[in-house]
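Got the viewer open and a selection box ready? Here's a short walk through the empty spaces and the packed interior, one selection at a time.

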Amino acid sequence: MNIIQGMRLSRMRIVLIAVVLAVAGLLVSASQIGPAGAAAAHAAGGGGPKPTIVLEHGAWADSSSWTGEIQRLQAEGYTVDAPPNPLRGLANDSATLADFLSTISGPIILVGHSYGGMVITNAATGNPNVKALVYVDAFIPAQGETTFGLTFAQPGSCIGSANAFNAVPYPGAAPGDFDAYLKTGPDLPYPGFAQCFANGLPASQAAVLAAAQRPIAFSAGSDPSGVPAWQTIPSWSLIGTADHVIPPAELLFMSRRAHAHITEINAGHLSLISHPAAVTRVIIAAAQAAG
């Protein structure tokens, strides 16, 4: 073999190697494009992207109350937001949440606990992105109703006495208004934080929640609710049958009035902490029904 023939063979080997590598590269690219294309097709033809889940806490709590639900929902592939509730008054709190919702593109499932139900009922009105409302041991007000009025519409609330509250002034408060904290210990007829607000939870956990509670402006309890979003948005309701804050009979009345899909569980007012799996199932049911 002369030098020229050797060079030609070398060039042929290089060309063949290049062709093999190119084909292999195309095959790899195709294997990557296939699943990505299938995922895109699923998103486009399978009802679109999953909705964003927005969780609104109530009085004497904070966003960490939703930790169990957030972990489970994120594991299922949902985007979850749990913005803080200012607890300054229904109009202010609802406007704050409405502004937050306006920054989210795409469908939203809006969830409220306790007083958070008052807030989502008002914040969602007029927002076409909100596809479902989920009430967790929550107020579901009609227009003109107040938190105080709904709490005491039927007997049985453990916060029906002024003895339940520590009154703390706050800057800029209107005359006669104050931050209302729940007392940690009993002051009869108020049975104490653990038996009233956190029944069903271990005493040590209730003690931590009492120490970390966020107060609500007392005046928020008498703020009238506006046009309720549940009149036009499908609703779901989870009711703790051992709720000592909002009488279960009142929770059931409000849920039926709103034509909500109702789930009852044996839990206290903080079912979102004691039974996060059950609460998550209701949220996912609402998300799936909303498409």
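Let's start at the second largest pocket: its lining has nine nonpolar, six polar and one charged residues. Bear in mind that what you're looking at is a predicted model.

To get the pocket on screen, select Asp62, Ser64, Ser65, Leu209 and Ile273, which lie nearest its centre among the 16 residues of the lining. The space there comes to about 180 Å³.

Now colour by helix. Helix H2 (67-75), helix H7 (203-212) and helix H9 (271-274) each put at least two residues into the lining of this second largest pocket. Which of them gives the most? That's H7, with four residues.

**Next stop: the closed space**

How many cavities of 30 Å³ or more turn up? Just one cavity makes that count. The largest cavity has a volume of about 200 Å³.

Select Trp60, Thr147, Phe148, Ile159 and Ile216 to find it: of the 17 residues lining the largest cavity, these lie nearest the centre. Then highlight helix H5 (147-151) and strand E7 (216-217), each of which supplies at least two residues of that lining. H5 gives the most, with three residues.

Try colouring the lining of the largest cavity by residue class and you'll get 13 nonpolar, four polar and no charged residues. Flip back to the second largest pocket and you'll find one charged residue in its lining.

**Into the core**

Time to leave the voids. The largest nonpolar core has 77 residues, and Ile53 and Leu133 are the ones with the most contacts inside it. Helix H10 (residues 276-289) brings the largest share of this core, seven residues.

Centre the view on Ile53 and show its neighbours. Leaving out residues up to four places away in sequence, Ile53 touches Leu73, Tyr78, Thr79, Val80, Asp81, Ile109, Val111, Ile283 and Ala287.

**Last stop: confidence**

Finally, recolour by pLDDT. The chain average is 87, and 84% of the residues score at least 70. Where does pLDDT stay under 50? Select residues 1-46: that's the stretch, and the model has six contacts for it beyond four places in sequence. Low pLDDT means the predicted coordinates there should not be read in detail, so hide that segment if it clutters your view.

Conventions:
Residues numbered from 1 in each chain as written. Predicted model: local features only at pLDDT ≥ 70, side-chain atom pairs only at ≥ 80, totals over all residues. Heavy atoms only, no water. pLDDT = per-residue confidence, 0-100. Contact = heavy atoms within 4.5 Å. 1 Å grid on protein atoms, 1.4 Å probe; cavity = no way out; pocket = protein on both sides within 12 Å on 5 of 7 lines; lining within 4 Å. Points joined across faces, edges and corners; volume = space filled by probe spheres on them. Nonpolar A, V, L, I, M, F, W, Y, C, P; charged D, E, K, R; others polar. Core = buried A, V, L, I, M, F, W, Y, C linked by side-chain atoms within 4.5 Å. Buried < 20%, exposed > 50% of the residue type's maximum accessible area, 1.4 Å probe, protein only.
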